[in-house]
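Subject: Structure handover

Dear colleague,

Here is the structure I promised to pass on. My notes follow below it.

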Amino acid sequence: MKKVLFADGCIRGDISRTARLARAFFSALGGYETERVDLESLPILPLGRELLEKRNGLTERGEYGDPLFDLAKQFAAADLIVIAAPFWDMGIPAKLKTYFEHVSVSGVAFDGETCKGKCRAERMIYLTTRGLDIPDGDEQEQATPYLKALCRFFGIGAFDSVSAFGLDVISEEECERRLSLAEKEAKELAESLEV
Ligand SMILES: Cc1cc2nc3c(=O)[nH]c(=O)nc-3n(C[C@H](O)[C@H](O)[C@H](O)COP(=O)(O)O)c2cc1C
């Protein structure tokens, strides 16, 4: 069975609006085995000097058996990548950035010599909600350009996103309307995927 890697960056858990989009998406997705990585509880730190030197030493010696590479191997082996994360500080939450630091390993996610991607997935899907009036494509929206750049680097050819925005600056009714529309869009996207 094909595998979908779900990087769940919905830090606020059950009350997260972004998590609603993820639930809608997965309720309509068939034919995939889901591996969920809960970023909130994942014990990872940003790459500091010590960790970077350890990792460089291992990759230079071709020693990829260390658990340090588990997240990268899991990501590189997935058939589909789904990222759900709220929009923070005009981009992605730091925990998600830290996750990508652990995924982006030479020899696993990309080839260190050719700089070509080595990830199996053909598609990344990004689900998000934004508090301010910042639509897709706005110059203040720096999460999507970053994720698209990563896709290209990792060799993931297709990128889709579903978003709802302005949720902190509108009425509760309008917020619910926008979230419902985004849930519908997320379901339709999941249904459209060929297994
Ligand atoms: C730490 C933090 C930073 C945020 N930064 C932004 C931001 O830069 N731009 C924005 O539009 N909304 C920002 N927001 C608002 C969230 O994007 C918005 O409330 C979103 O719907 C929260 O998603 P969640 O319910 O999945 O946690 C921020 C919220 C938090 C908690």
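Which residues of β3 are buried on one side and which on the other? Leu80, Val82 and Ala84 are on one side, Ile81 and Ile83 are on the other, and all of them are buried, so both faces of the strand are covered. Put as a count, five of the five residues of β3 are buried. Please keep in mind that this is a predicted model.

The sheet

Strand β3 belongs to an open sheet of five strands, arranged in the order β2-β1-β3-β4-β5 with parallel pairing. Strands β2 (32-38) and β5 (158-164) are at the edges, and each of them pairs on one side only. From one strand to the next, the twist averages 15 degrees. As general background, the strands of a sheet pair through backbone hydrogen bonds, in either a parallel or an antiparallel way.

The two partners of β3 in that order are β1 and β4. With β1 (residues 2-8), β3 pairs in the parallel sense over five bridges. On that side, Asp8 stands opposite Ala84 of β3. With β4 (residues 123-129), β3 (residues 80-84) pairs in the parallel sense over four bridges. Here Ile81 stands opposite Met124 of β4, and Ile83 stands opposite Tyr126 of β4. Ile81 and Ile83 are also the two residues named above for one of the buried faces of β3.

At the edge of the sheet, strand β5 contains Ser163. The relative accessible area of Ser163 is 15%, so this residue counts as buried. Its side chain makes a polar contact with the side chain of Asp136, at 2.8 Å.

The ligand

The ligand is surrounded by 15 residues, and the closest are Arg12, Ser16, Arg17, Thr18 and Phe87. Some polar atom pairs can be listed individually:

- Arg12: a polar side-chain atom lies 2.7 Å from an oxygen atom of the ligand.
- Gly131: a backbone N or O atom lies 3.2 Å from a nitrogen atom of the ligand.
- Leu132: a backbone N or O atom lies 2.8 Å from an oxygen atom of the ligand.

Taken alone, the ligand exposes 650 Å², of which the protein buries 79%.

Cysteines

How many disulfides are there? The count comes to zero. A disulfide would need a pair of cysteine sulfur atoms within 2.5 Å. For Cys10, the closest cysteine sulfur is that of Cys175, and at 15 Å it is too far away for a bond. Cys119 is in no disulfide either, as its nearest cysteine sulfur, in Cys151, is 9.1 Å away. Cys10 is buried, with a relative accessible area of 8%, and Cys119 is also buried, with a relative accessible area of 8%.

Backbone angles

Most residues other than glycine have a negative phi. Two residues here are worth a look in that respect. Asp89 is not a glycine, yet has a positive phi of about 45 degrees. Asp89 lies in the loop between β3 and α4 (94-103). Its relative accessible area is 77%, so Asp89 counts as exposed.

Cys115 is not a glycine either, and its phi is positive at about 60 degrees. This cysteine is found in the loop between α4 and β4. With a relative accessibility of 47%, Cys115 counts as partly exposed.

Helix α4

Where does Val103 lie? Val103 is in helix α4. Val103 is buried, with a relative accessible area of 0%. The C-alpha atoms of Val103 and Gln74 are 8.6 Å apart, and the two residues are separated by 29 residues along the chain.

To recap, the sheet has five strands with parallel pairing, both faces of β3 are covered, the protein buries 79% of the area that the ligand exposes when taken alone, and the disulfide count is zero.

Regards

How values were computed
Residues are numbered from 1 along each chain as its sequence is written. This is a predicted model: local features need pLDDT of at least 70, side-chain atom pairs count only at pLDDT 80 or more; totals for chains, interfaces and linings use all residues. Side-chain values use heavy atoms; hydrogens and water are left out. Two strands pair if DSSP finds at least two bridges between them. Axes are lines fitted to C-alpha atoms, for helices over the stretch in contact, and angles run from 0 to 180 degrees between N-to-C directions. Buried means under 20% relative accessible area, exposed over 50%, partly exposed in between (1.4 Å probe, protein chains only). A residue is near a molecule or strand if one of its heavy atoms lies within 4 Å of it. A polar contact is a pair of N or O atoms within 3.5 Å; within protein, one must be able to donate a hydrogen and the other to accept it, and residues adjacent in sequence count only if both atoms are side-chain atoms. Accessible areas come from the Shrake-Rupley method with a 1.4 Å probe; for residues, only the protein chains shown count as cover.
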